[in-house]
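Reader: I am new to this structure and would like to understand the words used for it. Could we look at it together and go through them one by one?

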Amino acid sequence: MSALIMAALKNRKVTLLATAVVVVYGFIAYYLIPKQENPDTSPPVAVVTTIYPGASPADVETLVTNKLEDELSQIEGFDYIQSYSRNSVSILVLFLEMEADVEKGWAELRRRLDDVESELPEQCHKPEVKTDLADTAGMIIALSGDQYSYDQLADFAEEFKRELATIPGISRFDIEGEIKREVKVEVQYEKLNQHRTSLEDVLNLLKIQNVSIPSGYLQKDGVKINVSTPGTFESLEDIRNTIVDVSRETGAIVRLKDIARVYMGLERGVKRIRQNGENAVLLAGYFKHGENIVLIGHEVRETLKRVRRRLPEGLKVDEVLYQPEDVGKAVNGFMRNLLQGVILVIIVVFLGMGLRNAIVVSTAIPISILATMATMYAVDIQIHMVSTAGLIIALGMLVDNAIVIADAVQVRLDHGMPAMRAAFEGARDSAAPVFSATLTTVAAYVPLLMMPGAPGDFARPLPLVVIISLTCSYIVAMLVTPSLSTLLFRPQRTEGSGPGRLRRLFYFLLNAGMRRKWVTVGITLALGAGAFYLQSLLGLSFFPHADKPFAHLEIRSEISDIDRTDRLARQVEGVLATVPEITSYTTSIGEGLPKFYVTVGQASQSDDYAQIMFHFDLDASDRFSTAEDLGFYLQHTLDARLSGGEVTVKMLELADAAAAPIVLRVSGDRLDRILQVADTLKAAIRNVPGTADVEDDAAHEDLEFRVHVDSDVATHLGITKYDIQRQINIALYGATATVFRTSGKEYDVVVTSDIDSREELENLAIKSRFANTRALLKQVATINLEPVLENITHFRQARSVAVKSWVIPGYSAPELAGLIERDVLPALDTGGVTVTFDGERERIVKNFGNVAVASAFAVVVVYLILFVQFNSFTQPLVILVTVPLSAVGSVVGLFLFQQPMSFMAILGMASLIGIVVNNAILLLDFINKARSRGYTVQEACVDSVAKRLRPIGLSTTTTVMGLTPMLLSGHPLFVPMSVSLMNGLLLSTLLTMVVIPVVFALAFGRKGEVSSADREEVD
């Protein structure tokens, strides 16, 4: 380092030019760095959908779901599976671990699906895989208008898509909610019964009558002339005239139009979208990874305006989601906090130092920040609220190294050294202790980088940015500060005495503590015990809800029918329309909306499901002070007014959202027992004060017509079960026969029937594929109306039902979960099942534990660094006394500011380890130097506190002032962390200047004298 310092000083112009280049590059990097609101914490997730036509949920579970789960659970990086076995379909939601190699995992997923496909029933369709569900839409545009059909709305969306897709940085656009038109062949079963053909015959005839096979060519006189045989349908009339039967007796031809209606219609049973109650389609846009969406957003806005101008006036174009604007506002807000912090820190430096020294020291802040920006761009760290918070936390520490170097240089100047020599020796002699202090702070943050899971991914940019910025500040202090000091520093004849009253207070406390050392230790222990008690009074919280002006509802209909779900959704829309705070709402029936927030999961397709995203403005009235209050009001209102299903209001979560604040998973082998225990649990939890909207995700029993085939009769007639199932499937569900092409578009040709009652189904003629015989369905089977479970849910490959409860504002979810576990659960009969908790409390325990482990590891690493520095086993232990002292301050601060013990508050406590240890290092270093000069322990302690009070106080003040704008911002995520950091640092500094000398004196002195053993260890 000495050679680098000397080189930097001898080539000051080069050093300053290089610094200017870094500053310019930092500005450019800030402009180019990708920006977003939050870190992306979406787990890698895939959905595997397998259609098994006509199968019951129990058959789907046994023959499809179980086999797929067994096979896919062997994927490398596998975390868990949640599956749904429904009528005719198996849906698996597969999660990989956050640290998994996603590309490799999805490749193995597809390979294993190919391997297991042969083990599935023959009638199963090929499993379909979606692996882009973690992608969050960057913008969602709703196109609506009463006078436009879905086809027209989709055409408008295509026009937008064509223009927007050309913008650099756009990954793709998806059109959601388009209901396609199709050719419907509605066979009239009574007319069909009069002929020898069947529904399957009609299907196959349409397939083979709509083909296009190259015919080749003929050669004449050396010239090749192509031969074509038109075989495709060119009009609906061609389809209607398709011959489906010929009478053996009369030779009369039966055409399709004789037994069926052929017409263009809309798909049925597909996803439907509405915007503010009107039919709509959505255009969901996705940005490429690593792009600055704020810059791209400006071009997107201009393109949207240009396309709007040439579309009809009656078309409504609403921005359901527009991330570039939201990200721009969020980033500007946090950068404003950073700038305010910079100004406050510089003011403190100028007040605490001379003008020239303050100018040199203050330059370390912008240079270090811009160097950090350049590094962030190089290593692909995005700018968002967490990475910016890391800069704000580091802000006060960026000047610490520069202050130490500046003081060392100034002391040598005051003793008459030439400027160049003073700068070199001051930097050289301070290099090792400054490096050690920086290293201990960095070491305290390194373990935080290794926290697992979504919370770890969410918080990881914070310690990473702190480490980068501190490293940059060290380089600036070692190379740039000495160079600038040679230009600006002058010898000083007087020293600032510091704030007199504060200095006298410290002297008084220190002298009192040194006189009564064990009393001081006792008071410190009492403060720790008091803090422990205060901690028990703090509310527990994992992450606060996101500070966003929108939320969503999830709707479950009691009956798995998309039309009934649609009607239920319209009831909900009617309620939302009466709430003045709600400004707009977007509804999706049959499937979830495009993923509109990073922690909102993608719902699978289901006829009993709907999702509504709504925007709100709390300033529209004075009824609600928080979004949670609005959500609770909505939940209460919807519960009172709706029937025929369940509605859940969900606020947006910041990271690793639980299904509900309180979740109990009931698992076992016997489904009836699982449902029984789940019902008992629901009833008991509803009686617990503070719980609200207790529900479960168990499927309700639905009535189903069951076709029981008389195998003897059917076999005698040559009719197989496949014949019966296939022809009923076509009659009721419909089947795609072929494709009709016209005017450059393709339309599916779907064969179905006009049957809509049990009596009509019983009179459907079933034809054998082998014996060419026919019989009415009621001759070979009976149809009974029976109850059936519409869905069987697995969680982690076991049958499971989740009992969920929300919490009334003012109550604590972890406390209620503990009450249920302690008082409610033991009183219930849960034999035959396993009940596990999986709510907010479990996430708190797991992730707070991860922070605690990381902190313990950080303490060990810091101890090792201190051991090397001081060559002592005991002195590092004295320094580490500051860690619990800082925790005392954090707890007291959280209590006074009425903040919960949240994940970010705990993270703030962990961040204190490196900061507060530095103060103790500086103090202990001076104590050791004083002892080496022959001072008694007590004299050394008092003298060192007197000399280090000003720089330690200045360092603490700069860090606290740097955090002040973040505290005043009121952001629910960072206020607890700011309170934890600021109060922990303030109290630990106060106690460090008193308790550390007392503990040192107890450890190394006897009656104030230095023992020979002590001298040996110090030496």
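Author: Let us begin with a cut-off: a residue is called buried when its relative accessible area is under 20%. Please keep in mind that the model is a predicted one.

Reader: Why is Cys-941 called buried?

Author: Cys-941 has a relative accessible area of 0%, and the word applies to values under 20%, so Cys-941 is buried.

Reader: What makes Cys-472 count as buried?

Author: The relative accessibility of Cys-472 is 10%; the limit is set at under 20%, and therefore Cys-472 counts as buried.

Reader: How do you know how many disulfides there are in the whole structure?

Author: A disulfide is called for when two cysteine sulfur atoms lie within 2.5 Å, and a search of the whole structure with this rule finds 0 disulfides.

Reader: Where is Thr-388 placed, and why does Thr-388 count as buried?

Author: Thr-388 belongs to helix H13, which covers residues 385–395. Its relative accessibility is 2%, and because buried means under 20%, Thr-388 counts as buried.

Reader: What does Thr-388 touch, leaving out residues up to four places away in sequence?

Author: With those set aside, Thr-388 touches Phe-334, Met-335 and Ile-383, where touching is a matter of heavy atoms within 4.5 Å.

Reader: What makes a set of residues a nonpolar core, and which residues have the most contacts inside the largest one?

Author: The members must be buried residues of certain kinds, Leu, Ile and Phe among them, joined through side-chain atoms within 4.5 Å. The largest such core has 154 residues, and those with the most contacts inside it are Ile-393, Leu-462, Phe-596 and Phe-974. Its largest share, 13 residues, is supplied by helix H17, which spans residues 461–488. Another core lies apart from it and has 39 residues, including Val-187, Ile-730, Tyr-747 and Ile-755.

Reader: Which residues is Phe-596 in contact with, if its neighbours within four places in sequence are left aside?

Author: Phe-596 is then in contact with Thr-136, Ile-140, Leu-321, Phe-550, His-552, Gln-611, Met-613 and Leu-652.

Reader: What can be said of the chain as a whole, beginning with how many helices and strands there are?

Author: The chain has 34 helices and 32 strands, and of its 1019 residues 54% count as buried. Among contacts with a separation of 6 or more, 79% are between residues 24 or more positions apart. Along the principal axes, the C-alpha atoms fill a box of roughly 130 × 85 × 55 Å.

Notes
Residues numbered from 1 in each chain as written. Predicted model: local features only at pLDDT ≥ 70, side-chain atom pairs only at ≥ 80, totals over all residues. Heavy atoms only, no water. Buried < 20%, exposed > 50% of the residue type's maximum accessible area, 1.4 Å probe, protein only. Helix = DSSP H or I, 4+ residues; strand = E, 2+ residues; numbered from the N terminus.
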